[in-house]
Amino acid sequence: MELTICRVMPFLKAATLVILTLAVPLHAQQPSPFTPGWFQSSGLMSLRDRPPFSAKVTEKKGTPGSFTLALQHADGTKTSFTLVGGGEAERKMFAHFTLGSEYKFPQVFDDVLGKDAPVSSPRISPISSTSISTSPHFFTQQDFSFSTQKLSLLDLNRCPPFRAKITGKKITPDSISLTIACTDGRTLTLQHSGNANLDEALRIAKPLEEGRFYEFPMSVLPPHQDEPTPPTPAMKALEPFIGEWDVSSLDKPDQKIRVRYHWKINGSGLWREHSAKQEGNDDYRMANAALITHDSTTGRYVETLTRSTSLPPLEKTWDAATRTLSSINYIKYPGSERKHTTITTFKTDDRIDWKTTVTSKEGKFIEEYQGRYTRIKP
């Protein structure tokens, strides 16, 4: 699969993380719930697209190249952003923010970067198996839209596909609460109270066991499927990616990123789940996830992040003879558009090399990034 780094944002000047996300049209049309509060579109730079608001910085950890930043809005809700890798604009904004200070958005971006800086961050495109590309990849909390909207337990019936672990469950006579840790880094609390639709809420929550991972919405829609189904013939072609990999970038040799590929339970897709190690922490933390599916009409594979995004799914082409996955992504920059071509190739069963070449719309070479996937053996 290809890494999805370039596709997320032009700001990652080093092939950092590639996230392969494939999704069916439903994913692009349906909102992706899952955040106990308000949702944000992906990427710190996406805040430039939002209506004016004020927020206080309540958490600031890491370095400009690998950080976590949390904002608390005036209504008490929070939005957090995690960046592994990163481009000049994101790094500059992270350095500017002070813990405990309040800022006016999007005005602060103009104050720090100037009005000609990119309005939004392009999504990273993977180069090899899942997500490694030429741009930094932003792991952010997002959801339907920026409008204030709360999630309920019943939203699990209509969400786009994602995976999560049940970390908390409480059922009382008049309320139900689930806490879930999503494989894309989000931790969400979904609740239901009152008698309206109580039977449906109980049907969803009762079978779910703490400590187990589930696929949503499949796990809460009848018929429930606990036993895996063999992958479809189209998905079977991507079997070489199955397993866990260390992801490296020649531009970011100190980054610690891992990606795991495994089948969707009904065999119709391939999950690509990323984890990252932040400075000062020995544990790898879930950071992002994508679903890869096959489009029988075009014959291409499509990757879609499990967190909602305004960006279209990324199409990829697999060449079985050369064991190469490739994609082309066009990203808008101030005053221009750039073409990101990512090639991911199996050199051996345990090594994948990836390279992303950036050119102008007219074909003039601009820059290039490359790296490697190394299989982690049991």
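**Exercise 1. Classify Thr172 as buried or exposed, or in between, and describe its surroundings.**

Step 1. At 26% relative accessibility, Thr172 is partly exposed; that class lies between buried (under 20% relative accessible area) and exposed (over 50%), computed with a 1.4 Å probe on protein chains only. The model is a predicted one, in which local features need pLDDT of at least 70 and side-chain atom pairs count only at pLDDT 80 or more, while totals for chains, interfaces and linings use all residues. Residues are numbered from 1 along each chain as its sequence is written, and side-chain values use heavy atoms, with hydrogens and water left out.

Step 2. Thr172 belongs to strand β6. Helices (H or I, at least four residues) and strands (E, at least two) are DSSP runs, numbered from the N terminus.

Step 3. Look for polar contacts, meaning pairs of N or O atoms within 3.5 Å; within protein, one must be able to donate a hydrogen and the other to accept it, and residues adjacent in sequence count only if both atoms are side-chain atoms. The side chain of Thr172 has such a contact with the side chain of Asp174 at 3.0 Å, and another with that of Ser175 at 2.7 Å.

Step 4. Add a distance along the fold: the C-alpha atoms of Thr172 and Ser193 are 9.3 Å apart, with 21 residues of separation in sequence.

**Exercise 2. Work out the strand order of the open sheet that contains β6.**

Step 1. Strands pair if DSSP finds at least two bridges between them. β6 and β7 are antiparallel, with 8 bridges, and they form a hairpin with 2 residues between them.

Step 2. Check individual partners. Ala164 lies opposite Cys182 in β7, and Ile166 has Ile180 in β7 as its bridge partner.

Step 3. Turn to β9: 4 bridges connect β6 to β9, again antiparallel. One of the pairs is Lys165 with Phe213 of β9.

Step 4. The resulting order of the 4 strands is β8-β7-β6-β9, with antiparallel pairing. β8 and β9 are the edge strands, each pairing on one side only. Neighbouring strands are turned by 40° against each other on average, direction ignored.

Step 5. Place the helix. α4 packs on this sheet and touches β6, β7 and β8, and its direction makes about 40° with that of β7. Axes here are lines fitted to C-alpha atoms, for helices over the stretch in contact, and angles run from 0 to 180 degrees between N-to-C directions.

**Exercise 3. Which residues of the largest nonpolar core touch the most other members?**

Step 1. A nonpolar core is a set of buried Ala, Val, Leu, Ile, Met, Phe, Trp, Tyr and Cys residues joined through side-chain atoms within 4.5 Å.

Step 2. The largest core has 20 residues, and those touching the most other members are Leu153, Leu156, Phe162, Ile166, Ile180, Leu208 and Phe216. At least two residues each come from β6 (162–172), β7 (175–182), β8 (187–193), α4 (198–205) and β9 (213–216). A second, separate core of 19 residues has Met235, Phe241, Tyr301 and Trp354 among its members.

Step 3. Take Leu153, in the loop between β5 (137–140) and β6. Leu153 is buried, at 0% relative accessible area. Its contacts (heavy atoms within 4.5 Å) beyond four places in sequence include Ile176, Leu178, His192 and Ala205. The C-alpha atoms of Leu153 and Ala205 are 8.1 Å apart, although 52 residues separate them along the chain.

Step 4. Take His192, in strand β8. His192 is also buried, at 9%. Its side chain reaches the backbone oxygen of Ala196 at 2.8 Å, and its contacts beyond four places in sequence include Leu153, Asp174 and Ala201.

**Exercise 4. Why does the sulfur of Cys159 form no bond with that of Cys182?**

Step 1. A disulfide is a covalent bond between the sulfur atoms of two cysteines. Here the pair of sulfur atoms must lie within 2.5 Å.

Step 2. The closest cysteine sulfur to that of Cys159 is in Cys182, 9.2 Å away, so the two are too far apart for a bond. Cys159 is buried, at 2% relative accessible area, and Cys182 is buried at 1%.

Step 3. The count is 0 disulfides.

**Exercise 5. How many strands make up the closed barrel?**

Step 1. The barrel has 10 strands, running β10-β11-β12-β13-β14-β15-β16-β17-β18-β19 with antiparallel pairing. The twist from one strand to the next averages 25°.

Step 2. As an example, β17 (residues 336–348) and β18 (residues 351–360) are joined by 10 bridges. Thr344 has Trp354 in β18 as its bridge partner.
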